[in-house]
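Me: I would like to go through this model and ask of each label why it is used. Please set the value against the cut-off each time, and begin with the terms themselves.

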Amino acid sequence: MRLPERQLAVLEAASATDERTIDQIAAETGLKPETVTGAAFDLRDEDLLDVTETSVEAAEITDEGSAYVADGLPETRLHRAAADAGAADDPVSMGEVIGRADLAGPEVDIALANFPRKGFGTVDSGELTIDASVDPDDDPEATALAAIQNASDADDAGDGDVLTDVDDEVLDRLASRGLVELAERTTRSVTLTDAGVTALMEGVEVAETVAQVTPELLASGEWRDVEFTEYDVEADAPDVGGGRKHVLRRTADRVKDVLVGMGFQEMEGPHADSDFWINDCLFMPQDHPARTHWDRFALDVPPMDDIPKTLIDRVESAHREGYGDDGDGYHSPWSEAFAREVALRGHTTSLSMRYLSGYAGAELEPPQRYFSVEKVYRNDTLDPTHLLEFFQIEGWVMAEDLSVRDLMGTFEEFYRQFGITDVRFKPHYNPYTEPSFELFGKHPETGEEIEIGNSGIFREEVTGPLGVDCDVMAWGLALERLAMLTTGAEDIRDLHGTLADIEFLRNAEVSY
Amino acid sequence: MPVVDVDPDELRQLTGHTDKDDKTFKQDLFGLGLEFEGETDDGDLQFEFAPDRLDRLSVEGVARSLRYHYGDDRGVYVPDTNDPEWTIEVDESVPDERPYVTGAVIRGVDLDEAALESLIQLQEKLHATMGRGRAKGAIGIHDLAMVKGAPLKEGAERSITYRGVEPEGDTFVPLDANDELSPAAVLTDHGTGREYADLVEAYDRYPAIYDELGLFSFPPVINGRRTEVTTGSRELLVELTGTDQWTIDRMCAIVCYALSARGATIESVEVEYADGASAPEQYGSELVRPNLDIDEKSVTHDRIETLLGVEFEPEEVVDCFERSGLDATYTLDEEVTYEVEIPPYRVDVLHPLDLVDDVGRAYGFDNLAPRYPDIGTVGGRHERTRLEDAVRTSLVGLGFEDLLNFHMTSGVANYDRMNVEPGTDVLGGGEPVSITEPYSEEYTQLRTWALPSLLMLLEGNTHNTYPQDVSEIGFVAERDETENTNVAESRHVAGAVARRDASYEAAKGRLQSVCDDFRADLSTPPTDHPSFIDGRVAEVVIDGDSVGVVGEVHPAVLVEHDLEVPVAAFEFDLDALR
């Protein structure tokens with residue numbers, strides 16, 4: 001028979017006639033008690049050992065108890081001091097005796113409570129009398145405490161000591177005084193079975209120890225006879241790298257999931273587009289400050305030719321004369337040449353315009369919901385919260401008779417998915433929506449109120465020329481703003497662009 | 001967004017609410033959309049607001065809004081105007097680029113320091129907003145007592161003339177100067193002149209206003225010192241010139257309302273365009289100004305109810321209009337329709353929809369209960385982003401750190417540092433789409449390929465642990481006049497392996513794995529590319545089309561990026577995996 005080394009040691013230390021405790025075997029073999037226990041159970045499973053468990057009460061002395069073993073119990077010290085002061089003959093002042101006994105703080109109360117209980121004497125009107133017939137050294141509590149201390153000194157395992165010669169009543173009293181702690185303790189003992197004796201008689205060899213499971217070991221079946229070396233399973237393991245999706249992409253995915261779940265279809269379209277789609281369709285006057293070269297990235301390519309002429313005419317008319325019987329246009333210059341110039345889009349509302357007009361595909365009939373999470377370009381100052389390029393979440397709903405209440409309900413639902421409740425709608429102004437609202441919400445962690453979007457119902461000067469004769473409500477929001485809330489990033493440049501820190505990306509917390 | 005400075009004492013006086021403290025005003029104004037931003041050194045309160053209600057660019061307009069809000073005023077108010085005594089003649093010499101003029105005479109003004117400051121603020125803020133930096137409209141305010149006008153025609157006692165002047169054709173003493181300067185000299189020798197020179201310097205003749213004594217104002221640049229307004233001024237001449245008659249008329253109306261709120265009397269002026277001058281088409285050649293006419297628009301009860309999602313009694317709607325400073329009457333036909341009167345300072349009302357917004361604000365948008373619309377639609381992702389995501393998942397599974405780089409870059413980063421020439425037939429060698437007026441040397445064009453971004457990221461992370469395997473599926477663009485926008489936009493899949501053992505094999509192995517995932521047939525015939533080592537670079541041919549490049553990055557390119565480890569990389573067009 002072959003057994004792992006530690007099992008063999010335990011088997012050899014066990015006796016067929018005497019019960020031996022785990023602690024005894026551990027002491028004999030030099031193995032850790034938990035290793036012996038494990039081996040004992042393994043041997044029991046092989047029917048080589050019997051394991052019996054007994055449960056006893058164990059007592060462990062407390063720090064306070066230890067102190068009293070050294071100095072004497074407070075009531076004993078009080079008795080001695082009183083005796084020295086002559087209290088056996090006449091009552092003596094309590095203050096004097098307490099000073100002489102060197103009792104301090106809670107010890108005074110302890111002494112005064114136990115002194116009369118043990119019949120050491122009486123306490124009356126601030127004076128002490130002792131019963132000279134009592135020998136304070138013949139006190140079962142002090143004796144038991146000293147015995148427990150001795151046992152504890154002899155065994156440094158600190159798991160309590162079994163005392164068979166201490167009276168239970170005395171033990172309970174010591175426990176209630178907080179001088180010892182009592183606990184149930186299981187002791188396991190082993191004896192050799194007949195099979196165990198036989199195996200030892202026949203001779204047991206030590207099994208081989210191996211470091212790693214190998215294909216050969218598995219194939220040959222040798223794994224049955226080997227012992228695996230123990231590891232320090234608490235030791236640090238080397239870091240495992242591995243790729244992960246960019247944290248902003250993950251935030252975008254989450255946004256897309258929510259919007260798809262709310263019935264929105266994704267839009268797609270060019271980054272470089274004509275000013276017509278970017279601004280003119282949005283009823284942004286051509287002399288609007290946001291359309292000056294300071295705010296847009298104009299591109300050095302020829303103007304865009306392919307824009308439906310009828311659409312251009314209708315948009316120009318809305319700018320010049322207004323839309324509808326009572327509409328006024330802007331009193332601003334409007335030139336088709338400017339409308340055809342190509343620039344990087346400042347918002348993805350250019351996609352909304354392409355879809356609403358039918359230019360991006362089929363003519364749309366209400367109801368419709370569309371969204372995009374795509375990049376936009378603005379000439380802002382680069383700082384921790386602003387980039388020249390960022391992702392805009394854009395969404396719109398097209399339906400008959402939409403109201404401001406529908407807008408509020410839709411956006412409340414969207415933000416609730418990100419833990420932002422209590423969305424506040426502040427009336428606002430945009431050239432392309434009326435009514436318009438800035439959306440504010442409380443940061444889920446800091447509680448700070450922050451702007452979380454801009455929304456409104458597209459003006460008829462926007463929808464009319466596009467050929468849409470129902471209502472369209474829309475909103476926009478920077479994805480980075482949402483991501484900074486969910487990742488805790490403080491500088492957006494850590495995330496986005498060639499200055500990004502690869503360690504930051506590797507360690508970004510996963511949110512879902 | 002515009003900011004208005006408000007003296008709280010003036011606000012108390014102008015609203016008549018002398019008992020209200022600053023805090024109450026701040027709260028009430030927040031409700032009107034004016035957000036408290038801070039205080040000036042003089043203790044004025046600064047409020048920021050969206051640029052629709054430009055009538056709130058002075059304390060007088062803010063006070064008027066508050067009086068409507070508090071219910072002190074209701075309905076439309078129009079100040080009375082007295083008959084004209086002055087005429088503004090428009091001469092045919094007026095520059096074609098700035099043909100229009102309007103104005104008003106203001107009598108009985110009592111300007112203390114605060115009132116004068118407020119008037120100057122209103123003028124400057126109107127210049128910055130409606131006036132588009134004075135290009136579209138500029139306001140000149142003069143002390144009328146210093147203007148001398150000879151009677152020109154019967155009924156009009158006095159006149160001034162708006163005309164053109166040769167750059168060196170005359171002289172005057174401008175504000176903040178002591179010497180006589182020609183208009184041309186103002187543009188070069190005077191601080192304000194230099195600031196606004198670009199508005200007029202291309203003109204053959206400069207705009208000028210003359211009275212009997214000569215040139216006294218050079219719009220839109222600067223007034224003359226002779227007619228400077230002081231706290232002692234009791235009568236004012238307001239003139240506005242610009243490129244659009246409607247715009248300057250409305251700016252003039254806002255100024256007249258502000259002065260009227262301080263107890264001044266408005267007096268009309270006649271504006272007469274001479275035969276050779278270009279009079280505004282919609283108004284003719286003889287105008288009486290200021291134009292304080294009320295505008296009218298109609299809106300149906302049904303539109304108000306559906307847009308706000310609330311049912312109203314017509315009286316409630318009329319009440320909301322009146323509390324907004326509008327007047328409304330309605331007819332109880334089949335459909336209730338409101339005829340709404342709009343005062344001339346409401347430059348933001350372009351459409352009946354704007355009136356619905358006023359009803360909503362007066363009713364209180366906070367009082368509307370949100371509801372989720374009962375509309376069924378089917379959601380879904382676009383095929384392009386689904387493909388992108390699927391490829392990204394493959395790359396991440398191969399251990400690549402997914403990157404997100406800027407689409408804008410510089411020619412140096414995109415070509416020079418990669419050893420690539422623009423306009424060559426290699427990946428990344430496409431013609432650039434350049435930004436016409438770049439603000440920074442680092443962002444002058446769109447990137448034609450993604451690998452330069454990856455190398456720049458590696459360059460910035462040499463202090464971090466290796467291996468650094470990075471990838472990006474990102475936007476690239478090049479000039480292509482066969483495209484509708486003249487820009488060819490596409491997405492490239494790029495991966496770079498930066499590690500001690502990075503080799504051609506390492507890059508190709510990963511490339512192969514991605515292609516296998518999408519059942520794309522990959523072959524890699526040898527090629528040349530200036531960013532890679534000769535003999536260790538191949539074309540990426542997927543399903544028979546050449547769509548990219550794979551290889552070991554050239555040491556010269558590595559050193560250029562301060563890299564001390566080998567890098568193997570691939571880049572190809574995402575569409576090849578479709």
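Reply: Two strands are said to pair if DSSP finds at least two bridges between them, where a strand is a DSSP run of E of at least two residues and a helix a run of H or I of at least four, both numbered from the N terminus. This is a predicted model, in which local features need pLDDT of at least 70 and side-chain atom pairs count only at pLDDT 80 or more, while totals for chains, interfaces and linings use all residues. Residues are numbered from 1 along each chain as its sequence is written, and chains are lettered from A and ligands numbered from 1 in the order in which they are written.

Me: How do you know that strand β23 of chain B and β24(B) are joined, and how many bridges are there?

Reply: 7 bridges join β23(B) (residues 532–542) to β24(B), and the two run antiparallel, so the requirement of at least two bridges is met. Within this ladder B:V537 stands opposite B:G551. The two strands form a hairpin with 2 residues between them. On its other pairing, β24(B) is matched with strand β25 (residues 567–573) of chain B, again in the antiparallel sense, over 5 bridges, with B:V549 and B:E571 as bridge partners.

Me: What makes strand β24 of chain B mostly covered?

Reply: Of the 9 residues in β24(B) (residues 545–553), 7 are buried, a label given to a residue with 20 or more other C-beta atoms within 10 Å of its own, whereas 12 or fewer make it exposed and values in between partly exposed, with C-beta atoms placed from the backbone.

Me: Why is B:D543 counted as partly exposed, and what is its phi?

Reply: B:D543 has 14 C-beta neighbours inside 10 Å, and is therefore partly exposed. Its phi is positive, about 50°, although it is not a glycine, and its place is the loop between β23 and β24 of chain B. Most residues other than glycine have a negative phi.

Me: Why is A:D422, by contrast, called exposed?

Reply: A:D422 has 11 other C-beta atoms within 10 Å, so it falls in the exposed class. It sits in the loop between α17 and β16 (424–430) of chain A, and its phi, near 55°, is likewise a positive value in a residue other than glycine.

Me: Why is A:E434 called buried, and with which residues is it in contact?

Reply: With 27 other C-beta atoms within 10 Å, A:E434 is buried. It lies in strand β17 (residues 433–442) of chain A. Leaving aside neighbours within four places in sequence, A:E434 is in contact (C-beta atoms, placed from the backbone, within 7 Å) with A:G456, A:I457, A:R459, B:L353, B:D354 and B:D357. The UniProt annotation "binding site", from an unreviewed entry, covers A:E434; UniProt positions are given in the numbering used here, feature names are shortened, and annotations may be inferred rather than shown by experiment.

Me: How many residues of chain A are in contact with chain B?

Reply: 80 residues of chain A are in contact with 78 residues of chain B. Helix α17 (residues 404–416) of chain A gives the largest share of the chain A side, 8 residues. That side divides into 30 nonpolar, 23 polar and 27 charged residues, where Ala, Val, Leu, Ile, Met, Phe, Trp, Tyr, Cys and Pro count as nonpolar, Asp, Glu, Lys and Arg as charged, and the others, Gly among them, as polar.

Me: Which strands of the sheet β2-β7-β3 of chain A are called edge strands?

Reply: The open sheet has 3 strands in that order, with antiparallel pairing, and β2 (20–21) and β3 (49–61) are its edge strands, each pairing on one side only. Between β3(A) and strand β7 (residues 180–192) of chain A there are 13 bridges.

Me: Why is chain B described as more spread out than a compact globule?

Reply: Chain B has 15 helices and 25 strands. Its radius of gyration is 34 Å, well over the 25 Å that the globule rule gives for 578 residues, so it is more spread out than a compact globule; the radius is taken over C-alpha atoms, and the rule is 2.2 Å times the number of residues to the power 0.38. The C-alpha trace spans about 95 × 65 × 50 Å along its principal axes. Chain B is divided into domain 1 (3–70), domain 2 (81–289), domain 3 (296–365) and domain 4 (383–577), with bounds that come from an automatic or database domain assignment. Taken over C-alpha atoms, the centres of domain 2 and domain 4 of chain B are separated by 61 Å.

Terms used:
Two residues are in contact if their C-beta atoms, placed from the backbone, lie within 7 Å.
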